[in-house]
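Please explain how this protein chain is built, beginning with its overall make-up and continuing to its cores, its aromatic rings and some details of its backbone.

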Amino acid sequence: MQVSSLNEVKIYSLSCGKSLPEWLSDRKKRALQKKDVDVRRRIELIQDFEMPTVCTTIKVSKDGQYILATGTYKPRVRCYDTYQLSLKFERCLDSEVVTFETLSDDYSKIVFLHNDRYIEFHSQSGFYYKTRIPKFGRDFSYHYPSCDLYFVGASSEVYRLNLEQGRFLNPLQTDAAENNVCDVNSVHGLFAAGTIEGRVECWDPRTRGRVGLLDCALSSVTADSEINSLPTISALKFNGALTMAVGTSTGQVLLYDLRSDKPLLVKDHQYGLPIKSVHFQDSLDLILSADSRIIKMWNKNSGKIFTSLEPEHDINDVCLYPNSGMLLTANETPKMGIYYIPVLGPAPRWCSFLDNLTEELEENPESTVYDDYKFVTKKDLENLGLTHLIGSPFLRAYMHGFFMDIRLYHRVKLMVNPFAFEEYRKDKIRQKIEETRAQRVQLKKLPKVNKELALKLIEEEEEKQRSTWKKKVKSLPNILTDDRFKVMFENPDFQVDEESEEFRLLNPLVSKISEKRKKKLRLLEQQELHEKEEEEEPEGKPSDAESSESSDDDKDWVAEVRRQRRLLQQEEKVKRQERLREDQQTVLKPQFYEIKAGEEFRSFRDSATKQKLMNKTLEDRLKLEAKNGTLSVSDTTVGSKQLTFTLKKSEQQKKQQEAAKLHRQERKTLRRSAGHLKSRPRRGRPFH
């Protein structure tokens, strides 16, 4: 029997341990119990409580006497009698069972829904009748007042089969493409069906009309949940007259009051797996929700986790034994799980001895096998001088070392090391020294790349921690511990180039800061060397003296910026002179270019001018256009700017304009000279 505890809730697994084959004789079984501890400590609550391969569904009859389970392979159903603690009967089926339901208090009336659209009825004696539905079924529920079976599946219709009349009735037409699960309220008979679109449709069987619609897919999306697909309804369960729990395919459980379309509580399993089943535990106001990986028990009022159970294999179905603390599970393994949780309730009447057994285990906790042994490595044996015991019964080899008796270990250690008190005293002194070293510069493991940047970030983090007078702000992640920036301190390609122009202009005081940082690095290296040589505190300059050095004022900062700028200008001038000298030394060779067909060659100057113009910014081009007269900028009355562009004229148009201008000037001079001659008086004899 395996015991686990979560939130101080004990969970006893009664199905763990080795199972013995049926063909073993009683003599061999007794011999195995003497030799094997696991076989001796196991509890076989119900004999042969397993399936050949996999168990798919498990249920308890209404009177609590019989446990029925279906599984493969081959498809079968097994019924266990709890009063006899053994298998009562086993029946093989034609196909696998999707789900089943007991219509009577015992096993005398059972309905099976198969995966090949068949519905099979069994009586106490065996198979009774078989019929078929039009579409593949996924779930069904029984309405006791009208004796109707409601089947939902890969169809928008809900098929109704009346067991009193023995015929199918008119189906209920839903708005969904397919329906996954359904349930009938045992108090007022309300029928609910969970659809593939994430909705729950509620119907009144008396009027055969829909009375409500819940959009659970929209309500299941919360701020903390991460949903990658549309949630579909995978589990549905009523509790009382007004409470309903809905499980989705994305791992959420929604708790509803039927008087409201908003959920009272949304519980996320955090696994993203479909909810297999939902059960209510009324004595402690708990809800048991299970997916294929875990069973969670949580309070239905607050949503607080009560405890959880995670079996070794995937879960197919969960059944809570009524009015007790026993839990039955159908897993992807031959063995069916049996768990006993004393906090949920007492043990069932047919296994009441479990209460006494668990009480004794709590009163006398069993010590583990290794409490009386000490694990030692080969180096420990060399220090103790016990290497000659290797291979003897005193040492039991295990992994990379050995187990030895704890009493032998303490006795040998006392003989080998009688001065244990002196070692204890030295350890205490070493701890005191380490406490005093905390006031000085602590050793830091710096990365290989960008050491100065890492030291700067560490200093800023320490300053933030020391400044307790500041307001509390949201703490940001540190770059050194962030995985997104770890390549910056590992890859040499990300090394900061302190000689670049941008770095020197943006960090005018980098030289002085880097000198301080390098000085601190040397101090750390010296401290590390001193600690390796001796254990006392090394003498040197304390960190407080370094922190007392004041930084430069604003004038020094401006002077440093100007000095860096002058240095950059001088370096640029030297580079230009070197490029000019290299250009003078190189001999240029003539280059020939081929002109494309249909194009006219003008000059290289025009293409160079165009290239220079294209390399300029928009602002420079606008200034050049305004200077040439092709652009005019003016202010409007509303305060905006008005740009007027004039088309640029070609060289031929310019020559024509210049020729016309010269012609106009010549005509003007001729007119002026003609007018001057006309106004001047004539001399000599008048003309007749």
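The paragraphs below go from the whole chain to particular strands and residues.

The structure shown is a predicted model. Its chain of 688 residues has buried residues as 35% of the total, and its secondary structure comprises 15 helices and 34 strands. Among contacts between residues at least 6 apart in sequence, 44% join residues at least 24 apart. The chain exposes about 47,100 Å², and carbon and sulfur atoms supply 50% of that area.

The interior may be considered next. The largest nonpolar core has 24 residues, and Ile58 and Met326 are those with the most contacts inside it. The elements that give two or more residues to this core are β3 (54–60), β4 (66–72), β28 (326–331) and β29 (337–340). Apart from this core lies another, of 15 residues, which includes Leu286, Val318, Leu320 and Leu344. The surroundings of Ile58 can be followed residue by residue. Leaving aside residues up to four places away in sequence, Ile58 touches Phe49, Ile67, Leu68, Ala69, Asp317, Cys319, Leu328, Thr329, Ala330 and Met336.

Leu68 also appears among the contacts of Thr102, a residue of strand β7. Thr102 has a relative accessible area of 5% and is therefore buried, the limit being under 20%. Besides Leu68, and again not counting residues up to four places away in sequence, Thr102 touches Ser61, Lys62, Lys109, Ile110 and Tyr144.

Aromatic side chains form a further theme, for the structure holds 10 aromatic pairs. In one of them, the ring centres of Tyr66 and Tyr107 are 4.9 Å apart and the ring planes stand at 75°, so this pair is edge-to-face. The two residues are 41 apart in sequence and the pair links distant parts of the chain: Tyr66 belongs to strand β4, while Tyr107 is in the loop between β7 (97–102) and β8 (110–114). Tyr66 and Tyr107 are both buried. Another pair joins Phe100 and Phe112, whose ring centres are 5.7 Å apart; their planes meet at 35°, so this pair is tilted. Here strand β7 supplies Phe100 and strand β8 supplies Phe112, 12 residues apart. Phe100 has a relative accessibility of 0% and so counts as buried; Phe112, with a relative accessible area of 0%, is buried as well.

Ring pairs also link Tyr66 and Tyr107 with Phe89 into a cluster. Arg91 lies over the face of Phe89, at 4.2 Å from the ring centre. A comparable arrangement involves Arg117, whose charged end sits over the ring of Phe136, 5.7 Å from its centre.

Arg117 leads on to the backbone. Most residues other than glycine have a negative phi, and most peptide bonds are trans. Arg117, in the loop between β8 and β9 (118–122), has a positive phi of about 75° although it is not a glycine. Arg208 also has a positive phi, near 55°, and is found in the loop between β17 (199–204) and β18 (209–215). With 48% relative accessibility, Arg208 counts as partly exposed, since it falls between the limits of 20% and 50%. Two cis peptide bonds deserve attention too. One joins Thr72 and Tyr73, with omega about -15°, and the other runs from Tyr73 to Lys74, with omega near 15°. Tyr73 is in the loop between β4 and β5 (76–81), as is Lys74.

The account ends with two hairpins. Strands β25 (residues 295–299) and β26 (residues 305–309) pair in the antiparallel sense over 4 bridges, and Met297 has Thr307 of β26 as its bridge partner. Between the strands of this hairpin are 5 residues, and Gly303 in the turn has a positive phi of about 80°. The other hairpin, of β31 and β32, has 2 residues between its strands, and Met399 there takes a positive phi near 55°. Strand β31 (residues 396–398) pairs with β32 in the antiparallel sense over 3 bridges. Strand β30 (residues 373–377) also pairs with β32 in the antiparallel sense, over 5 bridges. Gly401 of β32 is the bridge partner of Thr377 and also of Tyr398. Strand β32 (residues 401–405) is mostly covered, with 4 of its 5 residues buried.

Notes. Residues numbered from 1 in each chain as written. Predicted model: local features only at pLDDT ≥ 70, side-chain atom pairs only at ≥ 80, totals over all residues. Heavy atoms only, no water. Pairing = 2+ DSSP bridges. Core = buried A, V, L, I, M, F, W, Y, C linked by side-chain atoms within 4.5 Å. Buried < 20%, exposed > 50% of the residue type's maximum accessible area, 1.4 Å probe, protein only. Contact = heavy atoms within 4.5 Å. Phe/Tyr/Trp six-rings, centres within 6.5 Å; stacked < 30°, edge-to-face > 60°. Lys NZ or Arg CZ within 6 Å of the ring centre and 35° of its normal. Areas by Shrake-Rupley, 256 points an atom, 1.4 Å probe, with all protein chains shown as cover.
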